[in-house]
Amino acid sequence: QVQLVESGGGLVQAGASLRLSCAASGRTISSYPVAWFRQAPGKEREFVAAFSWPDTTTDYADSVKGRFAISRDNAKNTVYLQMNSLKPEDTAVYYCAANLLPIYGRTWARSSDYNYWGQGTQVTVSS
């Protein structure tokens with residue numbers, strides 16, 4: 001079992017930056033696939049960024065490439081999402097997700113690829 005707790009969301013103006021944190025407890029997540037998803041009102045949850053598995057490369061949605069960066073601090077058992085040049089369309093609840101029983105062949109860009117989720121943190125970008 002692992003517990004994931006997101007933080008760092010808030011209300012910002014377009015063009016600003018935010019850094020989201022996902023702190024894990026109960027298990028070490030450094031060796032596992034971890035991702036950020038987001039869900040805007042009335043829309044389905046969508047992939048944002050991930051550390052893939054087993055190669056640990058990073059992957060991003062086209063909509064955030066060049067603006068967002070996923071990183072991890074293994075000593076703190078925490079994954080981050082640095083978000084720069086924020087746009088109003090980035091407004092959503094952002095969720096951290098992990099899979100502690102990964103199998104080969106997954107893309108790690110689908111909600112169904114993950115079996116642990118945080119409660120989410122709201123990001124609102126005003127124009």
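Which torsion makes the disulfide of Cys22 and Cys96 left-handed? The torsion about the S-S bond of these two residues is about -75 degrees, so the disulfide is left-handed. The model on screen is a predicted one.

**Stop 1: the disulfide**

Select Cys22 and Cys96 and show their side chains. Their sulfur atoms lie 2.0 Å apart and form a disulfide. A disulfide is a covalent bond between the sulfur atoms of two cysteines. The structure holds one disulfide, and Cys22 and Cys96 make it.

Now colour the strands. Cys22 belongs to strand 3 (residues 18-25) and Cys96 to strand 9 (residues 92-98), so the bond ties together parts that are 74 residues apart in sequence.

Next, turn on the surface. Are these cysteines buried or exposed? Cys22 has a relative accessible area of 0% and is buried. Cys96 is buried as well, with a relative accessible area of 0%.

**Stop 2: Arg38 and its partners**

Hide the surface and look for charged side chains. Side chains of opposite charge can pair when their charged atoms come close. How many salt bridges does the structure have? The count comes to five.

Select Arg38 and Glu46. They form a salt bridge, with the closest N and O atoms 2.5 Å apart. Compare how the two ends sit: Arg38 is buried, with a relative accessible area of 5%, whereas Glu46 is partly exposed, at 35%.

Keep Arg38 selected and add Asp90. The side chains of Arg38 and Asp90 also meet in a salt bridge, at 2.9 Å from N to O. Where do these two residues lie? Arg38 is in strand 4 (residues 34-39), and Asp90 is in the loop between strand 8 (78-83) and strand 9, so this pair ties together parts that are 52 residues apart in sequence. Both Arg38 and Asp90 are buried.

**Stop 3: Asp62 and Lys65**

Move to Asp62 and Lys65. Their side chains meet in a salt bridge, 3.3 Å from N to O. Asp62 is exposed, because its relative accessible area is 66%, and exposed means over 50%. Lys65 is partly exposed, with a relative accessible area of 49%.

**Stop 4: the network**

For the last view, select Arg38, Glu46, Arg67 and Asp90 together. Which residues are joined by salt bridges that share partners? Arg38, Glu46, Arg67 and Asp90 are joined into one network in this way. Two of its links were visited at Stop 2: Arg38 with Glu46, and Arg38 with Asp90.

Terms used:
Residues are numbered from 1 along each chain as its sequence is written. This is a predicted model: local features need pLDDT of at least 70, side-chain atom pairs count only at pLDDT 80 or more; totals for chains, interfaces and linings use all residues. Side-chain values use heavy atoms; hydrogens and water are left out. A disulfide is a pair of cysteine sulfur atoms within 2.5 Å. Helices (H or I, at least four residues) and strands (E, at least two) are DSSP runs, numbered from the N terminus. Buried means under 20% relative accessible area, exposed over 50%, partly exposed in between (1.4 Å probe, protein chains only). A salt bridge is a side-chain nitrogen of Lys or Arg within 4 Å of a carboxyl oxygen of Asp or Glu.
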